[in-house]
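Subject: Structure handover and notes

Hello,

Here is the structure for you to load. My notes on it come after the model.

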Amino acid sequence: MSALITPEKIKQEISRLPAFPTIINELLAVLEDDNSSMMVLAQHVERDPVLTGNILSAANRLLRTEGWPEVRDVYTAVSLIGFSRILEIVLTTCIANFNGNFASQHFLWAHCLATGVAAQELSSKAKHNQNGALVAGLLHDIGQLWLAYFRPLEFQQARLQVEVHDADVCEAERAMFGMDHGEVGGIVAEYWHLPKDIIAAITHHHNPDDKIARDPIVAAVHLAEAIAYALDLPRRESNAVSSISGTACRTLGIRWDDEDSFALLGVIDARYQHALSVFP
């Protein structure tokens, strides 16, 4: 049977994946509304028991480090954690649900976390949409998870081409499936009705052309993944930066030879290590 896939086939099989939390788009709407409150956010969170448990757990982990008593209500937990951390927890919970068929599930989860943190910090420095960048960074490899679920043997064959023969990951996937994981992920994100700039960032995170790299979220996710590899987050022998878009750097005003950029790398590393310690 051919391993080639089509957009139609991807959409047909998405329903067999673990449910994607509808709260994502609701949270993004809350974050864009200046009149929204923590109470509104807490009401969204309380509708999902698994998410509620993870958020309470994350809040109590933070409290225990300070010697404070535990909290038992979602509103207090949300107030302690804050908007961006809620997004991180929702999406890392979602990614964990997808990882069952993926041989390198811990690496992919940690890689997505590192990329999300880096994308948010890059966007913060450039004064662009931090939360959109965080979402796009955390979900940028969702196409790999689709491939691992529905084409596990062929996906592993493509990965072997990368790991054993040093093939380019996107070229190996296109040879096997007719499209790469960025394209697959973009179709999945479109099916989930995510914002257009997040869809573009997921689709083009490896090699955005000059026009696409002018979008701040696309630029942030592309550079964030390069930073995750450069900082070896998470550690893996094959981590390497293959290319960086000059247009993406200019879009975010990033120069790699100044002190601010070195400081930014330190912040990203520290935030990633902290995130690993507090996420459930």
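What follows is a list of findings, grouped by region.

Please keep in mind that this is a predicted model.

Helix packing

Two packed helices are described by the angle between their axes and the distance between the axes. Two such pairs are worth setting down.

The first pair is helix 2, residues 23-32, and helix 3, residues 38-45. Their axes lie 10 Å apart, at an angle of about 180 degrees. Angles over 145 degrees count as roughly antiparallel, and helix 2 is therefore roughly antiparallel to helix 3. On the helix 2 side the contact is made by Ile 23, Glu 26, Leu 27 and Val 30. These meet Val 40, Leu 41, His 44 and Val 45 of helix 3. Sorted by class, that contact holds six nonpolar residues, one polar and one charged.

Helix 3 also has a buried side. Its residues Leu 41, Ala 42, His 44 and Val 45 are buried. Viewed down the axis of helix 3, the buried residues fall within an arc of 160 degrees, so they line one face of the helix.

The second pair is helix 9, residues 142-150, and helix 10, residues 152-165. Here the axes come within 5 Å and cross at roughly 125 degrees. An angle of that value is outside the ranges for roughly parallel, roughly perpendicular and roughly antiparallel, so helix 9 and helix 10 are oblique to each other. Helix 9 contributes Gln 144, Leu 147, Ala 148, Tyr 149 and Phe 150 to the contact, and helix 10 contributes Pro 152, Phe 155 and Arg 159. By class, the contact of helix 9 with helix 10 has six nonpolar residues, one polar and one charged.

Nonpolar core

The largest nonpolar core has 87 residues. Which of them touch the most other members? They are Ile 10, Ile 55, Ile 86, Leu 139, Trp 146 and Leu 194. Helix 7, residues 105-126, gives the most to this core, with eleven residues.

For Ile 10, the contacts are listed without residues up to four places away in sequence. On that basis Ile 10 touches Ile 5, Trp 146, Met 179, Val 184, Ile 187 and Val 188. Trp 146 is thus a contact of Ile 10 and is also among the core residues that touch the most other members.

Gly 137 and Thr 115

Gly 137 lies in helix 8, residues 130-139, and Thr 115 lies in helix 7. The two are 22 residues apart along the chain, with their C-alpha atoms separated by 5.1 Å. Are they buried or exposed? Residues under 20% relative accessible area count as buried. Gly 137 is at 0% relative accessibility and therefore counts as buried. Thr 115 is also at 0%, so Thr 115 counts as buried.

Leaving aside neighbours within four places in sequence, Gly 137 is in contact with Cys 112, Thr 115, Gly 116 and Val 221. Thr 115, with residues up to four places away not counted, touches Gly 137, His 140, Val 221, Ala 224, Glu 225 and Ala 228. Val 221 appears in the contacts of Gly 137 and in those of Thr 115.

Backbone points to check in your own viewer

The peptide bond from Leu 233 to Pro 234 is cis, with omega near -10 degrees. Pro 234 lies in the loop between helix 14 (216-230) and helix 15 (246-252).

Asp 166 has a positive phi of about 60 degrees, although Asp 166 is not a glycine. Its place is in the loop between helix 10 and helix 11 (169-177). Asp 166 is exposed, with a relative accessible area of 69%.

His 193, likewise not a glycine, has a positive phi of about 60 degrees. This residue is in the loop between helix 12 (181-191) and helix 13 (196-203). At 64% relative accessibility, His 193 counts as exposed.

Regards

Methods: Residues numbered from 1 in each chain as written. Predicted model: local features only at pLDDT ≥ 70, side-chain atom pairs only at ≥ 80, totals over all residues. Heavy atoms only, no water. Axes fitted to C-alpha atoms, helices over the stretch in contact; angles between N-to-C directions. Helix = DSSP H or I, 4+ residues; strand = E, 2+ residues; numbered from the N terminus. Parallel < 35°, antiparallel > 145°, perpendicular 65-115°, else oblique. Contact = heavy atoms within 4.5 Å. Nonpolar A, V, L, I, M, F, W, Y, C, P; charged D, E, K, R; others polar. Core = buried A, V, L, I, M, F, W, Y, C linked by side-chain atoms within 4.5 Å. Buried < 20%, exposed > 50% of the residue type's maximum accessible area, 1.4 Å probe, protein only. Arc of directions from axis to C-beta.
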